[in-house]
Amino acid sequence: MSNPYPLGLRLEGRRVVVVGGGAVATRRVPALLDAGADVVVVAPELTPALRAHADAARLRWVPRRFVPADLDDAWLVQVAVDDPQAGAAVSAAATQRRIFCVRADDRHAASAWTPAVTRHGPVTVAVLGGGDPRRAIAVRDAVRALLGAGEGAPPPPAEGADPQVRGPALGRVALVGAGPGDPELITVRGWRLLTEADVVVADRLVPGLLLDELRPGVELVDAAKIPYGPSRAQEEINRILVDRALGGASVVRLKGGDPYVFGRGGEELLACAAAGVPVTVVPGVTSAIAAPAAAGIPVTQRAVAHEFTVVSGHLAPDSPASLVRWDALAGLRGTLVILMGLKNLAAITATLRAHGRPGGTPAAVVQEGTTGGQRVLRSTLDAVAADAVAAGLRPPAVVVVGDVVGALDG
Ligand code: SAH
């Protein structure tokens with residue numbers, strides 16, 4: 001058998017027919033949509049996931065069995081049925097029209113194979129295993145691990161830069177949410193940018209294990225160790241981000257949870273933009289939702305809470321600088337999630353009580369949620385402040401107030 005000839009198909013706007021509407025089609029269709037193909041699925045029935053694509057008009061569904069004329073305008077056909085006879089009929093119609101045919105049911109009879117793929121920014125690596133998909137996947141996983149670890153990963157070009165015309169390199173900054181604490185809860189994009197970074201500026205709350213994976217030679221700046229008060233320290237962080245990016249570095253500003261939830265991410269974005277540095281934001285899993293979840297508390301639950309409010313407890317409720325309307329929050333029936341609230345918890349709960357939130361409302365404190373050090377305290381609005389002190393709870397912790405605390409308890 002001759003070697004396959006690899007190609008990168010540019011499918012934008014081109015008709016691709018998928019025959020079959022089951023599990024195989026469900027796995028194959030997203031990459032076709034991602035490539036911009038004009039996807040037509042021919043199948044009497046669809047899985048719910050494919051149905052959702054059809055309902056959203058991302059693909060066209062032809063709800064019947066295949067007929068050869070289905071291929072008349074197609075550039076490519078994917079057989080995603082497990083009946084070899086039906087597969088052979090599609091193959092025959094494809095051959096007659098000189099359309100390449102990928103077959104899930106019989107790879108030996110196929111005229112094209114889909115490779116195992118790993119994508120790293122603009123780079124796509126596709127692996128064919130000589131007709132053996134398991135071999136392809138094993139090699140793909142090895143390549144992915146290699147590129148993911150930053151070894152041999154191509155330096156990401158500055159956004160908008162023309163690779164043909166190389167002036168002085170302009171770096172860039174990404175504000176990346178590291179997630180709530182469990183190192184596996186960073187996003188795929190955040191992880192990729194982190195492993196490609198030249199400079200990483202990390203917060204105190206960033207999971208330490210993530211920093212283990214940085215590539216050798218990376219400059220790691222510990223933002224918690226900047227020896228100034230909070231506002232000077234923020235200016236200093238902004239200066240480091242801008243400075244390194246103007247020097248050509250790919251900078252990741254790694255922040256606990258989500259960069260825009262009480263993280264001063266907005267200020268950093270504005271500082272970069274003002275200096276003409278390209279800057280992007282990669283959202284993260286916020287502790288406001290994830291820490292309760294890790295403690296078995298859903299922030300919403302049907303017929304229990306149809307709203308949740310995330311609020312900073314950093315300033316005392318009677319502080320003139322506090323922008324929080326605790327009196328109004330006391331009137332809500334839904335879930336209240338308080339970040340940075342441990343220090344002022346007694347005053348906060350007293351204020352909520354004074355403005356009408358019932359003292360028996362369930363309340364919980366989740367310390368170091370999603371990490372190995374997670375601690376959970378369940379109490380009531382009346383008692384939670386004293387209970388938290390008695391239990392010796394420390395930041396970082398979120399406080400959850402509302403009937404969702406205990407909603408999942410049997
Ligand atoms: N941007 C972050 C929040 C920064 S403010 C996010 O989206 O999660 C810092 C506060 O977040 C802490 O005082 C604490 O209230 C909360 N926090 C962060 N990580 C936490 C964790 N693992 N468990 C509980 N609370 C956490």
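How far is an oxygen atom of the ligand from a polar backbone atom of Ala397? I looked this up before anything else, in what is a predicted model, and found the two atoms 2.7 Å apart.

I then went through other polar backbone contacts of the ligand, and noted that one of its nitrogen atoms sits 2.9 Å from a polar backbone atom of Gly256, while an oxygen atom of the ligand lies 2.9 Å from a backbone N or O atom of Asp258. I also checked the cover, and the protein takes up 92% of the 540 Å² of accessible area that the ligand has on its own. I counted 18 residues around the ligand, of which Pro180, Val261, Thr286, Ser287 and Ala397 come nearest.

Next I turned to helix α9, residues 287-294, where I listed Ala288, Ala290, Ala291 and Pro292 as the buried residues; their cover includes β13 (308-312), β14, β15 and β17. Just after α9, I noted a positive phi of about 80° at Gly296.

For the interior, I looked up the largest nonpolar core, which has 21 residues, and in which Trp326, Leu336, Ile338, Leu352 and Val365 make the most contacts. I found that the elements supplying at least two residues each to this core include α10 (326-329), α11 (345-354) and α12 (384-390), along with strands β14, β15 and β17. Leaving aside neighbours within four places in sequence, I recorded Leu352 in contact with Trp326, Leu329, Ala330, Leu336, Arg357 and Leu381.

Finally, I took down the division into domain 1 (15-115), domain 2 (136-282) and domain 3 (288-406), with the C-alpha centres of domain 1 and domain 2 lying 40 Å apart.

Methods:
Residues numbered from 1 in each chain as written. Predicted model: local features only at pLDDT ≥ 70, side-chain atom pairs only at ≥ 80, totals over all residues. Heavy atoms only, no water. Core = buried A, V, L, I, M, F, W, Y, C linked by side-chain atoms within 4.5 Å. Buried < 20%, exposed > 50% of the residue type's maximum accessible area, 1.4 Å probe, protein only. Helix = DSSP H or I, 4+ residues; strand = E, 2+ residues; numbered from the N terminus. Contact = heavy atoms within 4.5 Å. Domains from an automatic or database assignment. Near = heavy atom within 4 Å. Polar contact = N/O pair within 3.5 Å; in protein donor to acceptor, adjacent residues only side chain to side chain. Areas by Shrake-Rupley, 256 points an atom, 1.4 Å probe, with all protein chains shown as cover.
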